[in-house]
Amino acid sequence: MESLMSLTATELGKRIQAGEVSVREAAEASLAAIEAREPKVHSFVTAADRETVLKRADQVQRQIREGSLKSPLAGVPVAIKDNMCTEGMRTTCSSRILENFIPPYTAQAVVNLEQAGAVIVGKANMDEFAMGSTTETSYFGVTRNPWNPEHVPGGSSGGSCAAVAAEECSYALGSDTGGSIRQPSSFCGVTGIKPTYGTVSRYGLIAYGSSLDQIGPIAKDVTDCAVILEAIASHDKKDSTSIAREDYRFTEGLVDDVKGMRIGIPRDYFGEGLDPEVKASVLAAAKVLEEKGACLEEFDLSLVEYAIPAYYVIASAEASSNLARFDGVKYGYRAEDAGGLHQMYKKTRSEGFGAEVKRRIMLGSFVLSSGYYDAYYLKALRTKALIKQAFDRAFEKYDLILGPAAPTTAPRLGESLGDPIKMYLGDIYTISVNLAGLPGISVPCGLDGKGLPIGMQLIGDCFQEKKLIRAAYAYQQTRSYERCASLKKGAFGNE
Amino acid sequence: MAKNVITDEVIEYVGILAKLELSDEEKERAKADMAGMLDYIDMLGELDTSQVEPMSHVFPVSNVFREDVVENGDNREAMLANAPEREEGCYKVPRTFE
């Protein structure tokens, strides 16, 4: 029998609602897959304990039977990126400094999912504090790309994407500050949405760059992503940047029709640095949309290369402030025998944070310091305004912008961390979307010669998720979900 | 592009701001890393932003106020359970002055 984990989240949800599959069976399938595949993939920092998962499954089953839980996600197993607080379940941000942190509350997005009947099977690995593009900066070890274990899954939501691709769970939540949902989705052959800033509450999301962070869905297809986004999005008074949207009915975008849709293709996204195989694959996907009636046009977006330096100034500045709270007093790691209070702070932070996190905290402290604030921080904020204007101009002409999610497919393990700027350049197509607060989606559109997945990115204007979902859905109707090669070959063994 | 040089004094100062204590080896690495990043960031100098206001937030949001009433329950024990050291219901820290 094929595993229940090979179904999409909504297919499994339908079978559960119809009584064809019990919530416990779904949970058991996920637990079994995790047990079998974790030694090879390592998607999780913490796998939920069996008893807790099964108890929760039975609770959800009862609510379904009573008729009080009708969500298409009820009883479907989910992985949560380990930067979202889960009451009673360890939440580490993949950092030593939070190695033993047990949150006393749950992030709002996760609360919303639980109200829809989600069964959490574990906390997914990530780059430490979401700072990285490969999941290699995790204190708890690397996650491997299920398509090829010698390659990274991308990052920072690498564990979430790998868990979905390896079919250890039905879907996952990730977070995206500069591409951290879209880039690993591309590398792992799954679909991921970064919503418009303010759509999903950040309450309980451990902050990295607060003006850029957004939680979003990662799943096998666009249908799942739309359903999940509908479940997690809400206006939340506890997050002062949360927005009361007029419309949360994202699933209405699941329409197979792109006739007359105007799609802009930025020339600046297809120039130097883009892998030719990625380019060919993304343009072929664009062609499919054109054949279905969309109007494609090339244009110059401009300013693309300035997004990365602006991002690293802004994100690092916010990180240096956000991570000031980790001081060894109220929670987390504390250095031993550190002497006085200030020595304890310093020693705790120096031992508790990894190299990439320290690098960004220092850069952030520097650009905010007196004498440099105007030249670096304000300059970056002015650049951000220019980037937003460039997108505004583009969306006067186009419904959507189409390009690659990343310039290459997944790099090999160990190849990226040595040269930070080169690694940062890998975010070139995703980062400006966060600066401008826009929604974006990554959709699998083929494999390269090494058999690694390629992702097409669609970018919408603020609050235009439905257009994104419509175009991505129409595209996905032309191709079936490609399961990761290791699963097809049975390379995970022990099953 | 002007090459940035990060001096020992600057890295020392940044260490104080960031509350980080770096080994000599880490300091050298940090100096090189930061100089490299700043060289790269200096690219922003190519843009004329003299007529542009800094944009901290993409939407025109103002401060969000609410009544100052307690809504959450007593989480005292769950909060203190995470403390590295505690005593009599308080967070315990090393001696702050002699």
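Two residues are in contact here if their C-beta atoms, placed from the backbone, lie within 7 Å. With that in hand, here are some notes on this predicted model.

1. Let's start where two helices meet across the chains. A:Ile361, A:Met362, A:Ser365 and A:Phe366 of α11(A) are in contact with B:Val14, B:Leu17 and B:Ala18 of α1(B). Sorted by class, this contact of α11(A) with α1(B) holds 6 nonpolar residues, 1 polar residue and no charged ones.

2. How do the two helices cross? The axis of α11 (residues 355-368) of chain A comes within 9 Å of the axis of α1(B), and the crossing angle is roughly 100 degrees. Angles of 65 to 115 degrees count as roughly perpendicular, so α11(A) is roughly perpendicular to α1(B).

3. Now for the wider contact between the chains. Chain A brings 54 residues to it and chain B brings 41. On the side of chain B that touches chain A, at least two residues come from each of α1 (8-18), α2 (24-41) and α3 (76-80). The most come from α2(B), which gives 7 residues. By class, this side of chain B has 28 nonpolar, 7 polar and 6 charged residues.

4. Do take a look at the largest nonpolar core as well. This core has 177 residues, and A:Val78 and A:Val119 have the most contacts inside it. Helix α9 (residues 307-322) of chain A gives the most to the core, with 10 residues.

5. Which residues does A:Val119 touch, leaving out those up to four places away in sequence? Among them are A:Val23, A:Ala27, A:Val53, A:Val60, A:Pro77 and A:Val78, and A:Arg56 is also on the list.

Notes: Residues are numbered from 1 along each chain as its sequence is written. Chains are lettered from A and ligands numbered from 1 in the order in which they are written. This is a predicted model: local features need pLDDT of at least 70, side-chain atom pairs count only at pLDDT 80 or more; totals for chains, interfaces and linings use all residues. Helices (H or I, at least four residues) and strands (E, at least two) are DSSP runs, numbered from the N terminus. Ala, Val, Leu, Ile, Met, Phe, Trp, Tyr, Cys and Pro count as nonpolar, Asp, Glu, Lys and Arg as charged, and the others, Gly among them, as polar. A nonpolar core is a set of buried Ala, Val, Leu, Ile, Met, Phe, Trp, Tyr and Cys residues joined through C-beta atoms within 7 Å. A residue is buried if 20 or more other C-beta atoms lie within 10 Å of its own, exposed if 12 or fewer, and partly exposed in between; C-beta atoms are placed from the backbone. Axes are lines fitted to C-alpha atoms, for helices over the stretch in contact, and angles run from 0 to 180 degrees between N-to-C directions. Angles under 35 degrees count as roughly parallel, over 145 as roughly antiparallel, 65 to 115 as roughly perpendicular and the rest as oblique.
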